[in-house]
Amino acid sequence: MSGRDPIKDTHFEQVVFSARVIFAGVFALILFGLLLFRLFTLQIIDHEHYQTLSQGNRVRIEPIPPTRGLIFDRNGTLLAENLPAYQLELIPEQVEDLESTLARLRLLELLSIEDEERFRANLSKSARRFVPVPLKFRLTEEELARFAVQRPRFPGVDIRARLARHYPLNQSGVHAIGYVGSLSSNDLANVEPSLYAGTTHIGKSGVERAYENLLHGNVGYRQVVVNAQGRALQVLEGNPPTPGNDLYLTLDVPTQQAAEEALGEKRGAVVALDPNNGEILALVSTPGYDPNPFGEGLTQREYALLRDDPDTPFLNRALSGQYPPGSTVKPILGLAALHFGVSNAWDRTYCQGYFSIPGNEHRYRDWKIEGHGEVTLASAIAQSCDVYFYEMALELGIDRMHTFMAAFGFGQPTQIDIRGERRGINPSRAWKKLRFDRPAEQVWFPGETVITGIGQGSTLATPLQLAYATATLATRGHRFKPRLVEAVRDPISGEITRTPTVPQEVVSIRDPADWEYIVQAMTDVMHSPLGSARASALNSAYRIAGKTGTAQVFTVGQDEVYDELELTERQRDHAWFVAFAPVDNPQIAVAVLVENGGSGSAAAAPLARRVMDAYLLNKERRR
């Protein structure tokens, strides 16, 4: 038969079966080995790593911002403090629907239009989504209770107890003390981020900004158990923050406030300093502004009102305002004339009310139309005779004037220890070549030398520079770097470290007796029958050396007459006055500027008298 079945190979089938069993066993062993290896890796090798991740699901490390240092004046009067306040905050990364959250907060009357506007501005500036952004500052007890019952409905929103910066004297001293504001992305780019973890504010101006590294302190940390919504449930452990250092300023609050009250609503500046060490006793710029709202965050509308105010309250006129100094420079230029032998105590000049450069018919007019008659250097200073200084400046020359004025600090910053100072202009031939591009404009003309002799033309100075130069006259050439911080106090140890007095190069002149000649001339300004500011020295308990200044804002034509009544307020002259007292033992040097105030003797000198009285008479009483 052809259909017989083939013979079954039992041995071969057993071999194949055994091979398959062995292969399956080996494969199972490999898989089991891999499983064991992975288990070993997870449980033994990477145990610490995964344990940390696991802890992170319920434990959060939170930075603790340090307490900002306090600021006092030289008498211990508190100028900047930290007040406890509850505020509503939102952590952006924990809020799924921001607009809905804000809308529900509005319905609860916890968020005003201004609050929301301020929050959105701060949110746009925040570069860290895990950092809380304030929604509302200084919650009332009713608002605290209203939010507390609704808290579960607001994941990512919570109430925090914070220390808010507060300035008890409000706008008094704001241009010296400064203020703090919300950290911006620009601020974060200029600081070490780890040092500002948890911090929402930073010094923006004045001492608050210049001494930020001392005031801020060091951040602390704590481990906090949080729930699924990220809300803190329990504090485990941590390192406390180190508070910032306290600062004692050189400011004398009674003197500062006397200067502010004297200026009142006027635009201007007052700088008063101790000529013996450079300590600033008063630094005023008006108008000012209240620094307290900046800690809460101004709305765009509030900020715009200040920014666009034509009286420019943000401008620190004491440091950044540059004005022609007018006749306040005459004592210094008179000293230069003595030093270089251009004038002496006996030379006389006849003032007929105007001066002309030989060969030129242009008349440089004196403020006194009929002239002062025959004058010496001393009487020219006392009566502020322009003609004497026109003639003297031409003989002195711009090169020697520039060099001598530079020795008193003109045309360069005084290096005061806060920012924002401008250098002014101490004109020279070299300055004009750099200032102008066209060769014809770079030529220095004799007429420019003439008007530089009365502090006009291209000459510009800040009130701080004039106070500094006046202090140099008071000390007969000894100069000290102006400073606002007198001492730094460690809040933990209580140790006080005084900031050093920094002497600067002494102004040397050929004959020391010339100092006394100029100081006597300045004393005559205040106490002689013809002195231009004698009215401001009446019944003074001490002798004053001073000098008035009236600086033109615009040029009056050769055939025109200056008539204040026909001008707008902002076209009128600036009023200046510089002084120091007591003459025999100078304790205070003052520069007063009243923008568009008119005559220096009428508008500025009485203000300086009030400032000197506030310091010298109070100082006597304190003794």
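Is Cys-385 buried or exposed? Cys-385 is buried, with a relative accessible area of 0%, where buried means under 20% relative accessible area, exposed over 50% and partly exposed in between, computed with a 1.4 Å probe on protein chains only.

The exercises below concern a predicted model, in which local features need pLDDT of at least 70 and side-chain atom pairs count only at pLDDT 80 or more, while totals for chains, interfaces and linings use all residues. Residues are numbered from 1 along each chain as its sequence is written, and side-chain values use heavy atoms, with hydrogens and water left out.

**Exercise 1.** Determine how many disulfides the structure holds, and examine Cys-351 and Cys-385.

Solution. Begin with the rule, by which a disulfide is a pair of cysteine sulfur atoms within 2.5 Å. The closest cysteine sulfur to that of Cys-351 belongs to Cys-385 and is 3.7 Å away, which is too far for a bond. Cys-385 is accordingly in no disulfide, and the structure holds 0 of them. As for surroundings, Cys-351 is buried, at a relative accessible area of 1%.

**Exercise 2.** Describe the aromatic pair of Phe-294 and Phe-314, and find the cluster that contains these residues.

Solution. Rings of Phe, Tyr and Trp (its six-membered ring) pair if their centres lie within 6.5 Å; planes under 30 degrees apart count as stacked, over 60 as edge-to-face and the rest as tilted. By this rule there are 16 aromatic pairs. In one of them, the ring centres of Phe-294 and Phe-314 are 6.2 Å apart and the planes stand at 65°, so the pair is edge-to-face. Next, locate the partners: Phe-294 belongs to helix H11 (residues 292–296), whereas Phe-314 is in the loop between helix H12 (300–307) and helix H13 (317–320), so the pair ties together parts that are 20 residues apart in sequence. Helices (H or I, at least four residues) and strands (E, at least two) are DSSP runs, numbered from the N terminus. Phe-294 counts as buried at 7% relative accessibility, while Phe-314 counts as partly exposed at 29%. Finally, ring pairs link Phe-294 and Phe-314 with Tyr-179, Tyr-289 and Tyr-303 into a cluster.

**Exercise 3.** Work out how the buried and exposed residues of helix H5 are arranged.

Solution. In helix H5 (residues 141–148), the residues Glu-143, Leu-144 and Phe-147 are buried. Seen down the axis of H5, these buried residues fall within an arc of 105°, so they line one face of the helix; the arc is that of the directions from the helix axis to the C-beta atoms. A general rule helps here: an α-helix has 3.6 residues a turn, so residues three or four places apart point the same way. The face of H5 turned away from the buried side carries the exposed residues Glu-141 and Glu-142. The cover over the buried residues of H5 includes strand S3 (78–90), helix H3 (98–107), strand S4 (133–136) and strand S5 (157–166), with contact meaning heavy atoms within 4.5 Å.

**Exercise 4.** Characterise the chain as a whole.

Solution. The chain has 23 helices and 23 strands. Its radius of gyration, taken over C-alpha atoms, is 37 Å, well over the 25 Å that the globule rule (2.2 Å times the number of residues to the power 0.38) gives for 623 residues, so the chain is more spread out than a compact globule. Along its principal axes the C-alpha trace spans about 160 × 65 × 50 Å. Of the 623 residues, 50% count as buried.
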